[in-house]
There are 2 protein chains.
Amino acid sequence: MTGLRARVRAELTAEITAIARRQVVTEGAGNLSLRAIAREMGMASSAIYRYFSSRDELLTALIVESYNELGAAAEAADATCARSEVMQRWLAVSRAAYGWATANPAEYALLFGTPVPGYAAPPDTIGPASRFTLVLVGLLDEADRQGLDAAVKPVADPAMHDDLERLREMTATTVGNDAFVAGMQAWTALFGAISFIIFGQLNNVITDHDEFFGVLADLIGRQVFAAPARPRS
Amino acid sequence: MTGLRARVRAELTAEITAIARRQVVTEGAGNLSLRAIAREMGMASSAIYRYFSSRDELLTALIVESYNELGAAAEAADATCARSEVMQRWLAVSRAAYGWATANPAEYALLFGTPVPGYAAPPDTIGPASRFTLVLVGLLDEADRQGLDAAVKPVADPAMHDDLERLREMTATTVGNDAFVAGMQAWTALFGAISFIIFGQLNNVITDHDEFFGVLADLIGRQVFAAPARPRS
DNA sequence: ATGAATCAAGAGCACTGCTCTCGTTTTGGA
DNA sequence: TCCAAAACGAGAGCAGTGCTCTTGATTCAT
């Protein structure tokens with residue numbers, strides 16, 4: 001409604017987040033500087049505070065944007081596969097996560113790295129953060145429907161039955177406890193592998209990171225879905 | 001030889017690292033402040049530079065110390081088990097890592113979290129960093145000797161044969177490619193689980209983190225060593 | 001048209017890592 | 001034992017940070 005001013009405001013906020021994001025990429029999330037952004041935009045540093053009331057608020061905007069990108073990438077990758085091909089879908093989704101992480105390591109660190117001390121993720125982030133995991137739950141559902149099962153069954157502790165029940169409701173699924181826990185193990189293993197690669201833990205250990213990730217993703221997938229091994233590349 | 005001065009220097013360096021470590025715990029690694037350390041010690045900020053020529057050098061000292069703690073914890077846990085009980089040793093070692101991480105989350109973040117931008121880990125760190133992984137290789141060795149095998153076999157890519165050969169030499173082991181890759185998968189999965197817990201990714205997902213970790217560690221161990229499931233707790 | 005809301009700018013506060021200088025203290029060799 | 005050299009602590013200073021407050025201009029809704 002209110003014309004000019006609102007539009008200019010939206011444009012400026014977008015420009016700020018864009019520059020902030022570029023800065024996170026080159027300087028790292030910890031070195032995000034409002035003053036540098038202001039300098040690049042040719043405005044006073046204090047003016048930025050009209051748009052983001054603190055550095056953390058700007059960080060939150062970046063986090064939400066990144067979660068959405070990761071989620072969208074996973075959804076798109078999943079959508080390219082036939083619904084019944086669980087293992088293909090897993091490989092597509094996990095590669096999408098890995099691909100997004102390697103293309104945006106700084107943003108990945110923002111989501112899965114060391115949390116900024118004193119920064120508590122506001123509730124706005126949990127929606128976007130769920131998009132990726134919902135894709136995984138969709139895989140578990142399909143595997144369950146086909147009778148696929150984990151190669152090694154977890155021993156789901158009774159102490160976490162309530163959690164599992166609550167999660168089932170939140171994600172609208174009906175898979176059993178063991179399958180759910182196996183899925184969560186695949187989830188943590190997937191991001192453990194990505195984190196090791198992105199954060200440089202394998203730097204003088206493995207030379208071809210892409211191949212290594214491919215091997216692990218294939219292995220994890222077969223562990224959860226008890227599918228046959230992919231042919232050697 | 002040189003008496004007083006050298007001793008006082010050693011004491012001061014120790015005091016600096018101790019305060020620095022406390023500060024990393026309370027303020028986070030990114031907010032480590034040389035000035036605050038100097039203030040707490042009652043000396044000028046510039047005097048600190050007589051002991052550590054930069055902030056990064058101080059960080060390196062903390063990293064080395066932490067790697068050594070983690071490695072020592074793993075070695076100690078491993079030593080409490082009978083050599084032949086691979087699964088017990090795996091559980092002991094993985095729990096040692098998890099226990100150290102929960103007791104020292106800030107230091108864990110220093111080692112496995114987002115790398116500080118512009119900071120390249122100097123070669124001094126690779127020795128201490130290897131201590132933990134060498135324990136894991138010991139497990140692989142013993143499993144190999146007993147004929148234990150991964151439940152789901154990885155498809156080790158030919159592209160990484162050279163890496164595996166080099167790693168075998170470095171770690172003085174003879175386990176085959178598939179077993180080695182399976183071990184690395186367990187390695188990344190272990191720290192993936194710990195990272196998710198420490199970094200808060202499971203905060204509104206799982207209530208009892210300890211139990212959850214126990215379930216995952218048991219599952220990962222049986223995946224690598226094809227051991228029977230532990231009894232329900 | 002006018003009062004209210006919004007905005008950019010600048011100065012300023014308290015903080016950071018780091019450098020350089022200056023006067024003091026300790027050290028090791030002649 | 002004496003003395004130059006090395007090591008040291010303190011302080012000032014530079015360039016940078018997030019953030020606040022005030023001031024004056026611009027746009028908005030009535």
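This report describes the chains, helices, core and aromatic pairs of the structure shown above. The model is predicted.

**Overall build**

Chain A is built from 10 helices and has zero strands. Read from the N terminus, its elements follow the order α-α-α-α-α-α-α-α-α-α. Along the principal axes, the C-alpha atoms of chain A occupy a box of roughly 60 × 45 × 35 Å. Chain A has 233 residues, and 52% of them are buried. Its exposed surface amounts to about 10,500 Å², with carbon and sulfur atoms supplying 55% of that area. Where contacts in chain A join residues at least 6 apart in sequence, 69% of these contacts are between residues at least 24 apart.

**Relation of the two chains**

A turn of 180°, with a shift of 0.0 Å along the axis, lays chain B on chain A with an RMSD of 0.1 Å. This is the relation of a two-fold axis. The same surface serves both copies, as 100% of the contact residues of chain B recur in chain A. Within chain B, the residue that comes closest to the rotation axis is Gly192(B), whose C-alpha lies at 1.7 Å.

**The nonpolar core and its tryptophans**

In soluble globular proteins, nonpolar side chains tend to be buried together. The largest nonpolar core here has 145 residues, and the members that touch the most others are Trp90(A) and Trp90(B). Leaving aside residues up to four places away in sequence, Trp90(B) is in contact with Leu136(B), Leu139(B), Ala186(B), Leu190(B), Ala217(B), Ile220(B), Gly221(B) and Phe225(B).

**Aromatic pairs**

Over all chains, the structure holds 21 aromatic pairs. A pair of aromatic rings is described by the distance of the centres and the angle of the planes. Two pairs of chain B are set out below.

| Pair | Centre to centre | Angle between planes | Arrangement |
|---|---|---|---|
| Trp90(B) and Phe225(B) | 6.3 Å | 65° | edge-to-face |
| Tyr98(B) and Phe213(B) | 4.3 Å | 10° | stacked |

The edge-to-face pair links distant parts of the chain: Trp90(B) belongs to helix 5 of chain B and Phe225(B) to helix 10 (residues 209–225), 135 residues apart. Trp90(B) and Phe225(B) are both buried. The stacked pair also connects helix 5 and helix 10 of chain B, through Tyr98(B) and Phe213(B) respectively, which are 115 residues apart. Tyr98(B) and Phe213(B) are buried as well.

Ring pairs also form a cluster that takes in residues of chain A and chain B: Tyr67(A), Tyr108(A), Phe112(A), Phe132(A), Trp187(A), Phe191(A), Phe199(A) and Phe196(B).

**Two short helices of chain B**

Which residues of helix 6 of chain B are buried? They are Ala106(B), Glu107(B), Tyr108(B), Ala109(B), Leu110(B), Leu111(B) and Phe112(B). Helix 6 spans residues 105–112 and is mostly covered, with seven of its eight residues buried. The cover over these buried residues includes helix 9 (177–198) of chain A, along with helix 1 (4–27), helix 4 (55–79), helix 5 (86–103) and helix 9 (177–198) of chain B.

Helix 2 of chain B spans residues 34–41, and its buried residues are Leu34(B), Ala36(B), Ile37(B), Ala38(B) and Met41(B). Among the elements that cover the buried residues of helix 2 are helix 1, helix 3 (45–48) and helix 4 of chain B. Just after helix 2 of chain B comes Gly42(B), which takes a positive phi of about 75°.

**A buried arginine and the cysteines**

Arg21(A) lies in helix 1 (residues 4–27) of chain A. Is Arg21(A) buried or exposed? Its relative accessible area is 12%, so Arg21(A) counts as buried, the cut-off being under 20%. Not counting residues up to four places away in sequence, Arg21(A) touches Leu62(A), Glu65(A), Glu69(A), Asn104(A) and Glu107(A).

A disulfide is a covalent bond between the sulfur atoms of two cysteines. A search of the whole structure finds zero disulfides over all chains. Cys81(A) counts as buried because its relative accessibility is 12%. Cys81(B) is likewise buried, at a relative accessible area of 11%.

How values were computed: Residues numbered from 1 in each chain as written. Chains lettered and ligands numbered in written order. Predicted model: local features only at pLDDT ≥ 70, side-chain atom pairs only at ≥ 80, totals over all residues. Heavy atoms only, no water. Disulfide = S-S within 2.5 Å. Buried < 20%, exposed > 50% of the residue type's maximum accessible area, 1.4 Å probe, protein only. Helix = DSSP H or I, 4+ residues; strand = E, 2+ residues; numbered from the N terminus. Contact = heavy atoms within 4.5 Å. Core = buried A, V, L, I, M, F, W, Y, C linked by side-chain atoms within 4.5 Å. Least-squares fit on C-alpha atoms with pLDDT ≥ 70 in both. Phe/Tyr/Trp six-rings, centres within 6.5 Å; stacked < 30°, edge-to-face > 60°. Areas by Shrake-Rupley, 256 points an atom, 1.4 Å probe, with all protein chains shown as cover.
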